[in-house]
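Please show the structure that we are going to discuss, so that its sheet and helices can be taken in turn.

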Amino acid sequence: MAETKYIFVTGGVASSLGKGIISASVGMLLQARGFKVTIQKFDPYINIDPGTLNPYEHGECYVTEDGQETDLDLGHYERFTGIRTTRDNNYTTGQIYKSVIEKERRGDYLGRTIQVIPHITDEIKRSIMYLGRKNQYDFVITEVGGTVGDIESTPFLETIRQLKWELGKRALCIHLTYVPYLAAAKELKTKPTQHSVKELQSLGIQPDILVLRAEKDLSVNLRKKVAAFCNVSPEAVIQSIDQNTIYEVPVRMAEQKLDSIILQKFNLSTEKEAEMGPWMHFLERRHNAKEIIRIGLVGKYNLQDAYKSILESLSQAATYNDRKLKTEFINSEKLTTDNVAGYIDKMDGIIICPGFGQRGIEGKIIATQYCREHDIPTFGICLGMQMMVIEYARNVLGYKDANSAEMDSGTTHNVIDIMEEQKSITNMGGTMRLGAYDCTLKKGSLVFQAYGKAKIAERHRHRYEFNNNYKEEFENNGLICTGINPTTNLVEIVEVPACKWFVGTQFHPEYSSTVLQPHPLFMSFIKASIEAAANK
C-alpha cells in the first residue's frame, strides 16, 4: 500500500460501550489479512496522563514499553494484536494543550493569537498523522474517548472532520452507539442512535459504518431503518451483542464482514481472507475448558477495571492450561489473622495486587504470611512483591517494625526504600521508574524455568525498591533474589524456593501478556495453582 489509511472510531449515547474492544477487533482483523496496523487513543480529559488518577476514576493505568502511563484501552490493543504501543499511541487534552502552550511560550507561533482552530486542531492532526508517517503503517486506527456531544471531545471531532475532508478516500469513520431494549414496551429503540448520528453530522462528520451495541439481536428491518435514517448503507450497519468473552468480538465482527466493508470503502481487494486460525484455536480451548481454577486477588480496589491486565493475563493463562478461570476479589482492608483462612483456603492460588499508599497493606501482609506458611501458590506484583519482602523481614528475619519507607519513613528496617535520585522529586506524575527495564534471571530458579531464558525485559511502574543492604541476610534465610537489573543491580524478582510457587516481581508482567502469547509467569503460576488444587 502506497499511503496510510486512517480509521476513526467515535462513540455516542453512552460511554463504556466498548469502543476500545471494537478498535482492537478492527485492528486484529486487518492484521490477520496481512496489513501493518497500529491503534491510538485520544482521551478528552485535561490530566496529562492517567498516572495520577484514582483507579475508581479511570480504571487501570497501562504502561507502554517506552514508559508512558496510558489509558487501559491500550492494553486491549496490545492483547488483541500483539503490537507494542508507545507514547505516540495515547494523547490527552492535557498533553495537546501543554504542547501548544509550550510552543507559544517559545515563540513558535510568531506572536499570533492562539486558538482552538487552527492551533489545537493542528496539534491533534499532527499527533494522528505522526504514526503513519513515522512507521509507514497501512492503517492507523484512532479511537476518540467519551461520547459525541461532550464539550471536552469537540476539538478532536473537529480535527476528524478536517482530516476526513483532507484525506478523502484515505479516511473513514466508525461510529459506535447503543440500541436500548425497553422491557416494559418489549421493544428495541433506535432513537438514541439516530440522535447520536445527527449530533455527529451537525459537527460535519458523516459516519461510514455504524456498530450498534445491544443486549438483544437486532433484526434486519431494524438495521435497515437505522441505515435509512443515518445515511449509511444497510450492510455497513453492524450489531455488537454482549458476548461471553471480549475475545469473541472479532469473530462476530468478521461474521458480519466488517473488515471486508472497511476494505471495500478504501477500494482495496477483499480476496484474501483473514487468517484467524490461532485465534480460533484459543477460543476453542476456552470453550472446551470445563474444570475451574480459583484465583483470589488480594487488593484494595473492588473494581474489575483496576486490575484489568492482571485479570486478562490470568484468563489467557487459564485457557492455555485448559481451565475455566474464576476470580474472587479479597479486600485487604478487611483481612485479619482471625479471618484470613476463610478467604484464602477456598482459593487455588493468590495474587497480591499492585497499588500505592498505606491503605490495605497490613491485610496484604497477613495474606502473604498465610500463603507462605500454608504453601499456597502466590504471585506478588509490584507492591505485592514488596509486601512479600516486608512480611518475610517481620516473620522470618524477626524485624517486627520492617516496612517500606513509603508507608513508614521512620522505620529502622526499611527493607523497601526510595532510590537516592528519587528523594528530591516532589511532583507525582510521570516521576517513577516507568517502562521496560532489563533483568537477568538466576539459572535454576523457578522464574528461569518459566521464561526458559536468562535475559528478559519487563515494564515497571513504581518508585520504591528492594533495599540491597538486606539482600545477603534475606538470601541466607531462604528468600532468594532471582532477578536483577544488570545496569543498576536493583532487585527485580524474589522467590522462596522452599515453597511450591512463591514469587514476587517488582515489574508488571501483566502488561505484556497477549491472547496469542500468554505471559510465561502467569502460565507457570496457573499451572502451579492447578497442581495445588489437585493435591487438596
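The exchange below goes through the sheet and then one helix.

This is a predicted model, in which local features need pLDDT of at least 70, side-chain atom pairs count only at pLDDT 80 or more, and totals for chains, interfaces and linings use all residues. Residues are numbered from 1 along each chain as its sequence is written, and side-chain values use heavy atoms, with hydrogens and water left out.

Student: Which are the edge strands of the sheet?
Tutor: Seven strands (DSSP runs of E, at least two residues, numbered from the N terminus) form an open, parallel sheet in the order β5-β2-β6-β1-β7-β10-β11. Strands count as paired if DSSP finds at least two bridges between them. The strands that pair on one side only are β5 (90-92) and β11 (237-241).

Student: Which residue in β7 stands opposite T10?
Tutor: Strand β1 (residues 5-11) and strand β7 (residues 171-178) pair in the parallel sense over six bridges. Opposite T10 in β7 stands H175.

Student: Where does α5 bend?
Tutor: Helix α5 (residues 116-135; helices are DSSP runs of H or I, at least four residues) has 20 residues and reaches 28 Å from its first C-alpha to its last, close to the 28 Å expected at 1.5 Å a residue, where the expected span is 1.5 Å times one less than the number of residues. The bend is the angle between axes fitted to the seven residues ending at a residue and the seven starting there. For α5 it is about 35°, at M129.
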